Every structure is written in structure tokens, then in C-alpha cells.
Amino acid sequence: MLKSAQRSLALLLVAALALALLVAGCGNSSSHSDQRDPGGDDPTCPTLQAASTNESGDAVILTYSAPFDGETGFAAEHFSLAVNGHNETITAITVDGNTVELALAAEIIVPSAHAVSISNFAMNNVLTPEGEVIVWGEHSASAAGLDLSNVQSVHLTLASTASALKHDGTVVTWGDAGPYGTGSSVTDQLTGVKQICSSGDSFVAVMHDGSVATWGLEYPVGNINSVAHLLTDVEYVFSNRMAFAALKKDGSVVTWGIQDFGGDSSGVADQLTQVVHIYSSGRAFAALKADGSVVAWGDSNSGGDSSTVADQLTDLSHIYSNSHAFAALKNDGSVVTWGGKYDGGDSSAVQSELTEVVEICPTRSLVEGAFAALKADGSVVTWGCADTGGDSSTVAGQLTDVVQICSNYFAFAALKADGSVAIWGDGGGDIDIGGGEADQFTNVRQLYPTDSGFAGLKADGSVVGWGVGGSAVNTMNLSGIVSVVEVASGFLAQRADGSIAAWGDEYFADISAVQAQLEELNFNPTVIVDISLSPEDTITVSYIDPDQGVDGEASFANWAVTNIVIPAYAGMMKTTNPPQSPL
């Protein structure tokens with residue numbers, strides 16, 4: 001493991017811990033399960049402005065907006081700290097004006113590599129940190145005898161075929177040969193590949209020299225004959241279900257595939273210049289240009305026409321999509337939508353509420369779409385198809401202090417700061433979250449979705465599930481779980497000792513053939529932190545606000561910040577398409 005990677009992750013962790021510890025002192029006594037300020041109603045309380053490390057990397061120096069008065073009563077012996085259930089030692093807390101130094105007895109080490117799931121409804125694959133692909137379930141026999149080592153990414157079609165890009169630039173394929181074949185006759189000839197992109201039925205490979213090759217369903221999706229002469233100097237290829245869009249190094253775009261899905265971009269060809277990234281819905285594309293504008297094409301009912309909101313598409317932070325609509329989050333926290341009116345393309349009914357949005361989550365249905373927006377204050381706004389979660393009125397009273405939203409094909413689930421869960425839409429199963437089974441949905445620290453179900457990892461290491469492929473876990477009495485991995489039609493759960501449990505549909509749940517391999521892997525990409533004040537202690541925090549001439553003091557006892565979930569790795573994804581470019 002690389003020391004620098006360990007240190008940077010450790011510093012991120014420690015900075016978050018110190019922030020939770022010190023800021024929590026301002027205001028009333030309180031117990032929380034996230035990193036929010038429990039007493040943030042006092043405007044004079046110092047807030048964190050910057051964080052840095054000392055040269056040796058065993059302490060973090062925090063700079064606050066106003067100075068503390070002396071040591072403020074903080075001392076290392078007052079606090080206990082645990083990381084993933086293991087106690088760690090704080091050796092000293094030093095306060096000097098508006099800086100605070102938190103020193104540890106040892107550097108906190110988090111895993112440097114973890115396994116990633118790349119699966120769909122019929123294919124189960126796990127890519128190990130060493131670049132090996134583990135395959136089980138339906139069509140796994142087609143991978144027998146293949147050299148699935150030294151792999152950097154795995155890509156799937158809806159037609160149950162898979163392609164692996166190896167670090168040496170070669171490609172290996174397996175899966176259901178069906179009417180289109182797995183593409184082995186083509187991929188054997190591929191060298192120097194830097195990217196693979198998949199649609200519903202086809203694959204495209206981009207070579208380091210900017211050329212491309214395709215395999216799978218040849219016509220019309222994979223047929224590049226009409227545009228082959230234009231496919232030079234290609235940087236990346238993007239896809240939706242039945243079309244491809246190639247972004248060239250000069251910022252121009254070449255498209256092919258089914259016309260109504262965006263395979264024909266002739267109507268906007270003169271606008272497709274200086275493009276920096278391309279987003280897709282199920283049947284359309286949206287290209288972000290260097291000047292911040294957006295050009296869309298494809299099925300107008302799926303977001304292929306953004307002309308009605310073109311003047312609003314400026315200063316964008318990110319563009320989200322479901323199968324039939326787009327939602328653009330702007331840097332000021334507002335949202336602009338277009339596409340299918342009933343799938344989230346029309347947000348006019350909730351437009352006044354779409355302010356201070358920090359994240360948007362779409363449903364994953366191929367048929368009906370909806371969006372849920374998480375706001376800075378922890379509230380949630382929904383719109384789109386009511387049946388797939390666009391209407392959250394039945395749980396509106398629960399959607400406060402939300403810290404995570406996730407979705408499956410037909411529903412949303414929201415995790416609250418107190419560890420409770422709210423569910424709405426059609427894909428959450430027949431559980432009444434407010435009824436007799438609500439006690440199961442407490443002390444949850446992380447949610448995980450599959451195509452039609454959900455699972456929640458609880459603070460005590462147990463797991464609760466609901467929906468298709470999720471609820472089976474409720475009879476398994478799992479304990480000691482440290483991580484859960486969603487695999488299209490089911491879940492894997494890993495215990496602290498490395499052992500694995502699985503549940504879901506029949507093609508997924510039987511892991512007997514690969515269980516020994518899976519149990520050698522690390523699936524835990526997060527660090528869970530608990531920090532608390534010793535029960536017998538009461539701490540007084542004093543601070544100074546020179547701008548307002550105010551001296552402040554706050555006391556607290558019986559205080560704890562628990563279940564702080566800190567991702568150890570960015571971008572743990574179930575697919576490995578090219579990374580989203582920052583806007």
C-alpha cells in the first residue's frame with residue numbers, strides 16, 4: 001500500500017473527526033449520527049475555515065473563523081474514538097488562538113484497495129484490486145478458460161455479454177453468444193485499447209491512436225460504416241441504450257446507431273463544437289460545451305430537445321438523467337429540467353422548492369422516470385412519475401435531516417441523520433415503513449440499492465432489507481457485517497473476518513463456486529467513526545468573536561457523534577464508463 005495514499009486518506013478522516021468534535025461543542029448538548037453542527041443556531045460560534053497537516057503527517061491543524069479562549073476545556077482524555085469498531089488513541093488536543101491541533105498515537109490506516117461489482121440482471125462479476133475478474137451465475141460457463149487477469153475495467157450490455165479491458169490494451173469477452181456473438185472474433189484483433197463503451201447490444205473500443213472498433217449487434221447500433229471516415233482522433237465514446245456519440249479531440253462529435261435514440265445528430269451538427277463532455281438519457285444525448293452551454297439531440301420526449309431551457313443552462317455544476325429526462329444542477333443550487341414531461345422533464349410544480357440543492361438522485365427504470373433532490377438543509381424535493389417516486393407526499397413528514405438518498409428502478413429510500421429510513425415509490429416492496437415493522441429501520445448507517453430492492457447496514461453490524469431481492473436477508477440473522485455490495489439482482493455482505501453472505505435471485509445468491517475467492521477480498525470502501533465524551537465529563541467551550549465584540553461559552557455533557565461515514569475511495573461504481581468531467 002502506498003504511504004502517501006494512506007496519509008491523505010488518514011488526514012481526510014482526522015480533519016472530519018476534529019470538525020465533528022470541536023464544532024459540536026457550540027450550542028446545546030446533543031447526540032448525532034452525522035457531521036452536522038448540533039448547535040449551529042449560534043452565529044458567533046467559530047466555524048472551520050481550513051485544514052492542513054504537519055510535516056510528519058501525524059497531526060492535523062485546523063483554522064477556525066474566530067479564536068478560542070485558552071484550552072477551552074478540551075483534553076484528550078475526555079474523549080474516546082473508534083474507527084470501524086476499533087479504538088484509536090488521541091494523544092493531545094492543543095488550542096492556540098483560532099487553530100486547533102489534534103494529535104494521534106498512530107496514523108489511521110485504511111485499506112488501499114477494494115473489490116468492485118460490475119453486474120446486470122443476468123451477469124455477476126467482481127473486479128479484484130489485483131485485476132482479476134470473478135464470474136458466477138448465469139453465463140459464467142462462457143468465462144471458463146479465459147485469461148481474466150490484469151483487467152482494469154469490465155463493461156456489460158443488456159444482451160448479457162461482457163468485455164474486459166486489460167492493462168496491456170487487449171480485450172477479453174464472454175457471456176451469452178445469442179444472435180450477436182460475444183465479439184471474440186473481433187476482440188482478438190484489438191490492441192492499444194484505452195476505453196470500452198457499451199450500449200444495450202453493442203460495444204465500442206477506443207484505441208490510443210484515436211481509432212475505434214465495434215462488436216455486438218452490427219445493425220444499426222454497432223454499424224459505423226456510414227461514419228467510419230469521421231472516426232479519427234477520438235477521445236471518448238458515450239452511449240445510451242441504442243446509440244453512440246464519439247467525442248473527438250477537437251471537441252466535435254460523431255454519432256451513430258438508431259436515429260430516434262440520438263444516432264443521428266445532423267439536426268444539431270453545426271452546434272456540436274468545443275464539446276467537453278456528453279451525458280445521456282435512455283434515448284437522447286446532451287453535450288456540455290466549453291462555454292457552459294448545452295446541446296441536446298435524440299428523442300425529444302427523452303430530453304433530446306433542450307431549446308426551451310437553453311437560456312437557463314449556464315453555470316452548471318452537474319447534469320443528471322433518468323431514462324427519459326435530464327436535470328441540470330447549477331452552482332447556485334437551482335435546477336433546470338427538460339425531457340419527458342411526466343418523467344421529470346417538467347419540474348414547474350416544485351420549481352420554487354428547488355433551491356440550495358446539493359445532489360439529485362434519479363430512478364433507474366427503463367420505462368418511467370423520477371428525480372429526488374437533496375437540499376442543504378436535509379429536506380427532499382421530488383418530481384416526475386408518481387409511481388416511481390416522483391410523488392413523496394406520503395412520507396413528506398419524514399423527509400427531514402436526510403443524509404443519503406438512493407434509488408432502484410421504481411422507488412427511493414432516504415436515510416436520516418437519526419438512522420431511520422423513509423421509502424416511497426413502487427419498488428420498495430410491500431413494507432409499511434410507518435407500521436409494525438418500522439422498528440427494523442432504526443440505527444441504519446448506510447443504504448444500498450439493487451434493481452428492485454434495498455438493503456440497510458445497521459450500526460450493530462446487522463442488515464435489514466426490503467423489496468425484490470432485498471427482503472430475503474431479514475430471515476438470515478446476519479451479524480458482524482462491515483460492508484454491503486449491491487450486485488444488480490442481489491447483495492453481498494462481508495463480515496469483519498472476511499466471510500461472505502449472499503442473497504437475491506437464484507442466479508446470484510448461489511456463490512458456492514466462488515465463495516473462497518470472494519472471501520479473500522476487501523469490499524469495505526468506507527471508514528465508520530464513533531467519537532464520544534466520557535460519561536462522567538462536562539466540557540465548557542469558550543470562544544471570542546472580535547468582530548461582534550462577543551465572548552461566548554457553551555457547556556455540554558452526555559455528548560456523542562456516532563456513525564460518521566467517511567468514504568475511503570471516490571467513485572466506487574457498478575459500471576466503469578469514463579469519469580464525469582468536472583463542470
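Is G465 buried or exposed? Keep that question in mind as you open this predicted model, and begin the tour by selecting G465, which sits in strand β34, residues 463–467. With a relative accessible area of 0%, G465 falls under the 20% cut-off and therefore counts as buried. Now add F454 to the selection, a residue 11 positions away from G465 along the chain, and draw a line between the two C-alpha atoms, which are separated by 5.6 Å.

**The strand β24 and its two partners**

Next, select residues 325–330, which make up strand β24; 6 of its 6 residues are buried, so the strand is largely enclosed by the rest of the structure. If you display the side chains, you can follow A325, A327 and L329 pointing one way from β24, while F326, A328 and K330 point the other way, and all of them are buried.

Extend the selection backwards to strand β23, residues 316–321, which runs antiparallel to β24 and is joined to it by 5 bridges. To see one such pairing, pick Y320, whose bridge partner in β24 is A327. The connection from β23 to β24 is a hairpin that passes through 3 residues.

Then extend the selection forwards to strand β25, residues 335–339, which pairs with β24 in the antiparallel sense over 5 bridges. Here you can pick F326 and look for its bridge partner in β25, which is W338. These two strands, β24 and β25, also form a hairpin, this time with 4 residues between them, and in that turn G333 has a positive phi of about 90°.

**Two loop residues with positive phi**

Which residue, although it is not a glycine, has a positive phi of about 55°? Select Q274 to find one that fits this description, in the loop between β19 (253–257) and β20 (275–280). Q274 counts as exposed, because its relative accessibility of 53% is over the 50% cut-off.

From there, move to N443, another residue other than glycine, where phi is again positive and near 55°. N443 lies in the loop between β31 (421–425) and β32 (444–449), and with a relative accessible area of 46% this residue is partly exposed.

**Two strand residues, S153 and T99**

Now select S153, which you will find in strand β11, residues 151–156. S153 is buried, with a relative accessible area of 9%. Show the side chains of S153 and H155 together, and you can trace the polar contact of 2.9 Å that joins them.

For the next stop, go to T99 in strand β7, residues 99–104, where the relative accessible area is 24%, so T99 is described as partly exposed. Add A66 to the view: T99 and A66 are 33 residues apart along the chain, and their C-alpha atoms are separated by 9.0 Å.

**A nonpolar patch on the surface**

Finish by switching on a surface display and selecting L158, L366 and V367, which make a nonpolar surface patch of about 260 Å². Of this group, look in particular at L366, which lies in the loop between β26 (357–362) and β27 (370–375). L366 is partly exposed, with a relative accessible area of 39%.

Notes: Residues are numbered from 1 along each chain as its sequence is written. This is a predicted model: local features need pLDDT of at least 70, side-chain atom pairs count only at pLDDT 80 or more; totals for chains, interfaces and linings use all residues. Side-chain values use heavy atoms; hydrogens and water are left out. Buried means under 20% relative accessible area, exposed over 50%, partly exposed in between (1.4 Å probe, protein chains only). A polar contact is a pair of N or O atoms within 3.5 Å; within protein, one must be able to donate a hydrogen and the other to accept it, and residues adjacent in sequence count only if both atoms are side-chain atoms. Two strands pair if DSSP finds at least two bridges between them. Patches are made of residues with over 30% relative accessible area and no salt bridge: like charges are joined within 9 Å, nonpolar side chains (Val, Leu, Ile, Met, Phe, Trp, Tyr) within 5 Å. Accessible areas come from the Shrake-Rupley method with a 1.4 Å probe; for residues, only the protein chains shown count as cover. A salt bridge is a side-chain nitrogen of Lys or Arg within 4 Å of a carboxyl oxygen of Asp or Glu.
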